[in-house]
Amino acid sequence: MFKNFFPNKVLSINNKTLRILTFVMFLILFVGLISALFISPPDYIQGDTVRIMYVHVPSSFISLGCFAFIGISSILNLIFKIKIMPLMAKSIAPIGLVFTLISLITGSLWGKPTWGIWWAWDARLTSMLILFLFYLIYILVWKFTNNYERANKISSVVAIIGLFNLPIIKYSVDWWNTLHQPSSITLTSAPTIHYSMLIPLLIMLGGLAVYSIIIFLMKYKIELIKLKINKKNK
Amino acid sequence: MLTKRVKLRIYYLFFFIFVGAIVIFFVLKSLNENVVYFFSPSDIYNKTNISLNKKIRVGGLVKEGSVFKDKKKINFTITDLKNEIIVSYSGLIPNLFSEGKGVIAEGKLKDKKYFIADQILAKHDENYMPPEVSDALNKND
C-alpha cells in the first residue's frame, strides 16, 4: 500500500504547492535574517562575528540530518528493497552536500577572526570534511554507475559506512580535545546560548529546512518521473 | 510476515554494522593521541615519554594575571586548574586572546613546565551571550 501510495501523492504535487512553500520559506528567511543580522545582539567577546553562526549551525544540522536520512533509508533499502527509498535518498544527497559545504566555508570564515586560523585538523573539522567526501562519493556512485541495481547497492553500502561518521561528528567535541567548541544546544541540559541569539538561530533553521524540503520535493518528483519513463521504455 | 531472505539480510546487515562499530571504536581508541588536537597541562604532566623536539599543542585557560607583555615577547600561563605551563611567544596574537579565556599554543616544550610557542590560537567556548548579560553576570560574581 505504502509503495503505490506515496509516489502518486508526490507526483500530484503541483506548482501551486511549491509556490506556497517558497513563499513560506522567503517569509521565514526574511524574518530570520532580519533578526539574525540586525535585531540580535553582538556576542560579548566575538562581537558581530557571531552572526556567521546563524547560517553555520543550521547548515550543519541539516547536513547531518540529511545524511542520517540517507543512511537509514539505505539500510531499509538493502533489507526490504523498497523501490522509492533509493530515489528519496538520491534526491536528498545534493542538499546535504551543499549544506556541508556551506557549513565548512562559513566555519572557516568564522575561524580566521576567532581562532586565528582558517582550518585546523581537529576532530570536528576533519570528521565534517569526511562527511563532505561521503556525500561526494555517494553522488558520484549514482552518476557514474550505469547499472541501476548496482548503483543502488554500492551507494547504499557507501551511505551505511558513512553513517558511522555521524556519531563521531556529533560527539567529537566531547570525546577529544578539539579547537571547535562543544555544543551549545543539547538535549540534556539548558542551552548555553542566550535566548536573544537562540531564537533567530531557530528561525533560520526553520527557513533553511523549508528550503531543503522544497528542493527535495522538486528533485524527488523528477526522479519519480524518470522511473516511470524507464518502466515504459522497458 | 518477514520472509526468510529478508530475515537473513537483517542479520547480515546488523552483523556488519556491529563489526564495523567495534572496528571503528578500536581504531579511534588506538589513534587517540593523534585525534586530540591539543594536550592539557595535566596530560603533559602525566606523560612519561615526552619528546622535546616534536611539535605539539598545549591548550587550556589563560591564567588570570599571568600575562606579561613587552615589545617583542608575551609570556603567560596556561592552566587547566590542576597543572600549569608557562608559555613564551613572540608574534601575532588573535583578537580573542584574553585572560581567563581558552587558548591553544603550538610549539615545542622546553621542559614539562615551559613551552615555546610559534603560534597562538584563541579557543572559543560554548557560551554565547550579549555584552549586557555578560556584564550582569560579572557584577554578580
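What radius of gyration does chain A have, and what would a compact globule with 234 residues have? Chain A has 19 Å, which agrees with the value near 17 Å for such a globule. Keep in mind that everything here comes from a predicted model.

**Two chains, two builds**

Let's start with the overall picture of chain A. Its secondary structure comes to eight helices and zero strands, so reading along the sequence you meet α-α-α-α-α-α-α-α. Along its principal axes, the C-alpha trace of chain A spans about 65 × 40 × 30 Å.

Chain B mixes things up, with four helices and six strands. Its pattern along the sequence is α-α-α-β-β-β-β-β-β-α. A compact globule of 141 residues would have a radius of gyration near 14 Å, but chain B comes out at 23 Å. The C-alpha trace of chain B spans about 75 × 45 × 25 Å along its principal axes.

**Helix α3 of chain A and its partners**

Two packed helices are described by the angle between their axes and the distance between the axes. Helix α3 of chain A, residues 53–80, gives two examples, with α8(A) and with α6(A).

Take α8(A) to begin with, which covers residues 195–233. The axes of α3(A) and α8(A) come within 9 Å and cross at roughly 50°, and the two helices are therefore oblique to each other. The crossing is right-handed. On the α3(A) side, the residues in contact include A:Met53, A:Tyr54, A:Phe61 and A:Ile62; on the α8(A) side, A:Pro200, A:Leu201, A:Met204 and A:Leu208 are among them. Sorted by class, this contact has 13 nonpolar, two polar and no charged residues.

Now for α6(A), residues 148–163. Here the axes of α3(A) and α6(A) come within 8 Å and cross at roughly 130°, which makes this pair oblique. This crossing is left-handed. From α3(A) the contact uses A:Phe67, A:Ile70, A:Gly71, A:Ser74, A:Ile75, A:Asn77 and A:Leu78, while α6(A) brings A:Ser156, A:Ala159, A:Ile160, A:Gly162 and A:Leu163. These residues divide into seven nonpolar, five polar and no charged.

**The strands of chain B**

Over in chain B, the strands pair up in the antiparallel sense, as the table lays out.

| Strand pair in chain B | Bridges | Direction |
|---|---|---|
| β1 (residues 56–62) and β5 (residues 102–111) | six bridges | antiparallel |
| β5 and β6 (residues 114–123) | nine bridges | antiparallel |
| β1 and β3 (residues 74–79) | two bridges | antiparallel |
| β2 (residues 68–69) and β3 | two bridges | antiparallel |
| β3 and β4 (residues 84–89) | six bridges | antiparallel |

A few residues help you find your way through these pairs. B:Gly59 stands opposite B:Ile104 in β5(B). Within β5(B) and β6(B), B:Val103 has B:Ala122 as its bridge partner, and these two strands form a hairpin with two residues between them.

Around β3(B) there are further landmarks. B:Val62 is bridged to B:Ile78 in β3(B). B:Ile74 of β3(B) faces B:Lys69, and B:Ile74 also has a bridge partner in β4(B), namely B:Tyr89. A hairpin of four residues links β2(B) to β3(B). The hairpin of β3(B) and β4(B) has four residues between the strands as well, and in it B:Leu81 takes a positive phi near 75°.

**Where the chains touch**

How many residues does each chain bring to the contact? Chain B supplies 31 residues and chain A supplies 33 residues. On the side of chain B that touches chain A, the elements giving two or more residues are α1 (4–30), β6 and α4 (131–140). The largest share comes from α1(B), with seven residues. By class, the residues on this side of chain B divide into 20 nonpolar, seven polar and four charged.

Terms used: Residues are numbered from 1 along each chain as its sequence is written. Chains are lettered from A and ligands numbered from 1 in the order in which they are written. This is a predicted model: local features need pLDDT of at least 70, side-chain atom pairs count only at pLDDT 80 or more; totals for chains, interfaces and linings use all residues. Two strands pair if DSSP finds at least two bridges between them. Axes are lines fitted to C-alpha atoms, for helices over the stretch in contact, and angles run from 0 to 180 degrees between N-to-C directions. Angles under 35 degrees count as roughly parallel, over 145 as roughly antiparallel, 65 to 115 as roughly perpendicular and the rest as oblique. A crossing is left-handed if the near helix is turned anticlockwise from the far one by less than a right angle, and right-handed if clockwise. Two residues are in contact if their C-beta atoms, placed from the backbone, lie within 7 Å. Ala, Val, Leu, Ile, Met, Phe, Trp, Tyr, Cys and Pro count as nonpolar, Asp, Glu, Lys and Arg as charged, and the others, Gly among them, as polar. The radius of gyration is taken over C-alpha atoms; the globule rule is 2.2 Å times the number of residues to the power 0.38.
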